[in-house]
Amino acid sequence: MGDWHAPQGPFDIPDVRNFVPRRLKPWLFILFVLIIQFSGGLYLAAASDMVGTTALMQQDILMAGYAQLIGMSINFAVMFRLKFRYSNRISLTVCCIVLIASTFICANTTSVPLLVATCFVAGWFRMWATFACNSTIQLWLTPVRDMAIFFCYVYLVVDGVIQLSGVATIYTAFFSQWEYMHWIMAGLLAFMMLLLMVLLKPVHGNPYIPLLGIDWIGAGLWSVVMLCFTFICVYGNYFDWWEAREIVQATIIMFACLGINLWRATFLHHPYISIQALTNRNVIRATMVYLVFFTLLATEHVFEHTYAAAILGFDETNLIDLNWYVMVGIVFGVAFTYFTFATRKWRYKTMTAIGFSLAACYLAYFYFLIDYGVEKEMLFIPLFFRGAASVIISIVFLTSIVQSGLHFFVFPQALTINGFTGAVMGATLGPALIGEFFSHVIAKNAALLGVNITHTNPALSYVPFGELYGMIQRQALIVSMKEIYGWLLIAALTVIVIIGVSYGPLRPFAIFPKWKTIRKIIRRDVRLSSQEA
């Protein structure tokens, strides 16, 4: 991917004014990253509170939340261009302004199209700001530009903040109301803008590279493809899938935009996502692994919350406290990946097998554990396994994209595909499939359990019909969950066997090129694009 780079003198950030101590400069940007990651307009942890106080449905809020992930993913293809066009001070200030506006809109609107559009824009600028900060401190984190090390830091921040923001949102709603979380984040973003004005220089430091040769039409079409796919997965069960006109229309639009994009990619000099990126072996392998892996963990979105709330009787604060268990798993998974994969260069095959083994442990634990009398502390082990497995697989296969052999101009396009398949499809397709399977299984088990229960049964004649029906539904829920966990466990063990018999000697060697090399590549390409125009 690039050349080795030996550190030259103490690390410094020229953008930050000289009166700030050199050792504090990287930590300033980590503070910026944390504020940006906590912001974003919408907090899915507050979905139940939003449903209760607005006219929005659960599906509307999920659609808006995933639209934010799509906005973040689609930004990958141009993030280096934005990096070399605008200074850190301008980039971060603009992103703060947009995120503050998005925060207030999401807190006050009940219009679903406006909410989805706002979250999409917020995701775009959130990714822009995150990349601006992380790329600035990259050499501080890994002077040799080893991306396996860098991605350990990235996923620790990103996945960790997802868990912590959920905790902060629920406790803010518990002590006041859910809208206050938006006000708090708006205040932190305003504080960040003040720090930018005081501590960062307004100069760029290098000549600007104009935003020429970018396929903005392609960006819009790919965004529509991703949004339509997400709409189908989120609203499919609600609208009864392709029996509904809305799902049929979304499917037609998705395939039409996909076809136009693929057609344009055959003749455009710089399509937003090229055929080369779509057909790269590492990209295809990562996509397949993500789809299988996150489908195995889809129970998190489908009925893990329902089990804890409806069967175990947890309130919102007890439910969100489970995030701490996942957080411990994330920290362990990042540390383990750092010391084995990034430092000791363990093989991709080994790390993939470990990730799927942890997922299998998560499924097996729930399969044997799930019952009425489970204590909250007993959920630590499976949630720990889930958090560790997810972060290990994400770091390993994002690193494989860097090591894919793609030209650097195509590499960000592969990151866009990776972001969509890993974050968006992983969070929507698996739950849609498992959710539909679950609805059929629970209907079957409820019918079987209720077959012998009639009012003529002397043992049950004193039980009111409503209470009897509730008992059947709860028992059917438990049995159905256990059945699905069992099927997914079999699938996970099958995948582990396939990994075990496969041949995979490749080890991570994902070295990022120097920034001046990247600048030369982009400047030369822009010059060629302007000459062709």
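Visitor: How do the residues lining the second largest cavity divide into nonpolar, polar and charged?

Guide: This is a predicted model, in which local features need pLDDT of at least 70 and side-chain atom pairs count only at pLDDT 80 or more, while totals for chains, interfaces and linings use all residues. Residues are numbered from 1 along each chain as its sequence is written, and side-chain values use heavy atoms, with hydrogens and water left out. The lining in question has 6 nonpolar residues, no polar ones and 1 charged, where Ala, Val, Leu, Ile, Met, Phe, Trp, Tyr, Cys and Pro count as nonpolar, Asp, Glu, Lys and Arg as charged, and the others, Gly among them, as polar. Its members are Glu304, Tyr307, Ala308, Leu322, Phe366, Leu379 and Leu383.

Visitor: What is the volume of the largest cavity?

Guide: Rolling a probe the size of a water molecule over the atoms shows where empty space is left. On a 1 Å grid over the protein atoms alone, a cavity is a set of points where a 1.4 Å probe fits but cannot get out, and lining residues have an atom within 4 Å of a point; grid points are joined across faces, edges and corners, and a volume is the space filled by probe spheres set on the points. The largest cavity has a volume of about 200 Å³, and its lining of 15 residues includes Ala77, Val78, Arg81, Phe409 and Gln413, which lie nearest its centre.

Visitor: Which residues does Leu92 touch?

Guide: Counting contact as heavy atoms within 4.5 Å, and leaving out residues up to four places away in sequence, Leu92 touches Phe29, Phe32, Ala129, Ala132, Cys133, Met192 and Leu196.

How values were computed. 1 Å grid on protein atoms, 1.4 Å probe; cavity = no way out; pocket = protein on both sides within 12 Å on 5 of 7 lines; lining within 4 Å.
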